[in-house]
Amino acid sequence: MSEPTTARKHTALPKARILIEALPWLTRHHGKTVVIKFGGNAMIDDELKAAFAQDVVFLRHAGLRPVVVHGGGPQISKQLATLGIESEFKAGLRVTTPEAMDVVRMVLAGQVQRELVGLLNQHGPLAVGMTGEDAHLMTATKHYADIDGERVDIGRVGEISAIDPGAVQALLDDGRIPVISSIARSADDGHVYNVNADTAAAALAAALNAETLMVLTDVEGLYEDWPNSDEVISRLTAKQLEKLLPDLASGMVPKMQGCLHAVRNGVHNARVIDGRVQHSILLEIFTDEGIGTMVVPDADEDDEGAA
């Protein structure tokens, strides 16, 4: 055998093995809906953004039905500062005046979402942007912060009271990739509210009866005993997570509460993965090892899958 042919064989074989390793996962996830919460460093690093878009398009061409939900905290803070509007936080939530809400809406729907739709559509006529306002996708009620047992008004911050996923289902049935900004209108006062994107993604995953909720973060997953150890818990049940919730770092709470809500409302598994790693979504869904932390319903402790 000539040398070039042998060399080709050696470089091609590992690629073939990687594809074959993905086969059972491709079979298992085909036709299933996966809701991905896009956030953290992956939102502000150009290389990570491009890799994220490739992953989502890959999922779509591999026969899955991806839905992307995003927030945009860093971009909102930057725009507010540019306009001379101070960012104030209470109980970890942005105090959102009507003036600030206009900026939030503009940044999420007019900047972050548009950029993501553009990146996805470099690969074909796939992505369609929408907000929770569209077709009554998300309805909100006013959320009050609890500070030392006292109810504090933090403005146009909402929590989801209802989801009507019909428009998203229609887009998925048409082969599109919905990209959703986490803002919603209130049925009570008609105002538009800023909604936590982790919470919105979890509620939407449940309403769509998704197979998987994936939450991109800036950490490797849920740590066993942070800060004493950086050992990541690869898998835990809803009950186990519920016990850990009170001791979690504040930034992880909405993410893990979202995972808990999802698996207790029909979603087969929820995963927190490191968005700082290029192609982390593909590694999680299509490899035997998986990365990050997977949460499963209590009844599904024997559920198979990358942990």
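Helices (H or I, at least four residues) and strands (E, at least two) are DSSP runs, numbered from the N terminus. The model shown in these views is predicted.

**View 1. Asp148 sits in the loop between β6 and β7.** Strand β7 covers residues 150-163. Asp148 is not a glycine, yet its phi is positive, at about 50°. The residue has a relative accessibility of 80%. Asp148 therefore counts as exposed, the cut-off being over 50%.

**View 2. Asn209 occupies the loop between α6 and β11.** Helix α6 runs over 197-207. Asn209, a residue other than glycine, has a positive phi near 55°. Its relative accessibility is 54%, so Asn209 counts as exposed.

**View 3. Thr141 belongs to strand β6.** The strand spans residues 138-147. Thr141 has a relative accessible area of 26% and is partly exposed. That class lies between under 20% for buried and over 50% for exposed. Leaving aside neighbours within four places in sequence, Thr141 is in contact with Val157, Gly158, Glu159, Ser161 and Asp188. Leu213 is 72 residues from Thr141 in sequence. C-alpha to C-alpha, Thr141 and Leu213 are 23 Å apart.

**View 4. His70 lies in strand β2.** This strand is made of residues 65-70. The relative accessible area of His70 is 0%, so the residue is buried. Neighbours within four places in sequence are left aside in its contacts. His70 then touches Phe38, Met43, Leu108, Val112 and Gln113. Also in contact with His70 are Val179, Ile180, Ser181, Ser182 and Ala197.

**View 5. The largest nonpolar core holds 43 residues.** Ile36, Phe52, Leu59, Leu120 and Phe286 have the most contacts inside this core. At least two core residues come from each of α1 (3-29), β1 (33-38), α2 (46-61), α3 (73-82), α4 (98-120), β8 (177-181), β11 (212-217) and α9 (280-286). Helix α4 gives the most to the core, with eleven residues. Apart from this core lies another, of 40 residues. Its members include Met138, Val195, Ala201 and Val272.

**View 6. A closer look at Leu59 shows its partners.** Residues up to four places away in sequence are not counted here. Leu59 touches Val34, Ile36, Leu64 and Pro66. Leu59 also touches Ile281, Leu282, Ile285 and Phe286.

**View 7. Helices α2 and α4 pack at an angle of about 60°.** Their axes are 9 Å apart. The angle makes α2 oblique to α4. Helix α2 passes α4 in a right-handed crossing. From α2, the contact takes in Lys49, Phe52, Ala53, Val56 and Val57. These meet Glu115, Leu116, Leu119 and Leu120 in α4. By class, the residues of this contact are seven nonpolar, no polar and two charged.

**View 8. Helices α6 and α8 cross at roughly 10°.** Helix α8 covers residues 253-263. The two axes come within 8 Å. Angles under 35 degrees count as roughly parallel. So α6 is roughly parallel to α8. Asp198, Ala202, Ala203 and Ala206 make the contact from α6. Pro254, Lys255, Gly258, His261 and Ala262 make it from α8. The contact of α6 with α8 has five nonpolar, two polar and two charged residues.

Key: Residues are numbered from 1 along each chain as its sequence is written. This is a predicted model: local features need pLDDT of at least 70, side-chain atom pairs count only at pLDDT 80 or more; totals for chains, interfaces and linings use all residues. Side-chain values use heavy atoms; hydrogens and water are left out. A nonpolar core is a set of buried Ala, Val, Leu, Ile, Met, Phe, Trp, Tyr and Cys residues joined through side-chain atoms within 4.5 Å. Buried means under 20% relative accessible area, exposed over 50%, partly exposed in between (1.4 Å probe, protein chains only). Contact means heavy atoms within 4.5 Å. Axes are lines fitted to C-alpha atoms, for helices over the stretch in contact, and angles run from 0 to 180 degrees between N-to-C directions. Angles under 35 degrees count as roughly parallel, over 145 as roughly antiparallel, 65 to 115 as roughly perpendicular and the rest as oblique. A crossing is left-handed if the near helix is turned anticlockwise from the far one by less than a right angle, and right-handed if clockwise. Ala, Val, Leu, Ile, Met, Phe, Trp, Tyr, Cys and Pro count as nonpolar, Asp, Glu, Lys and Arg as charged, and the others, Gly among them, as polar.
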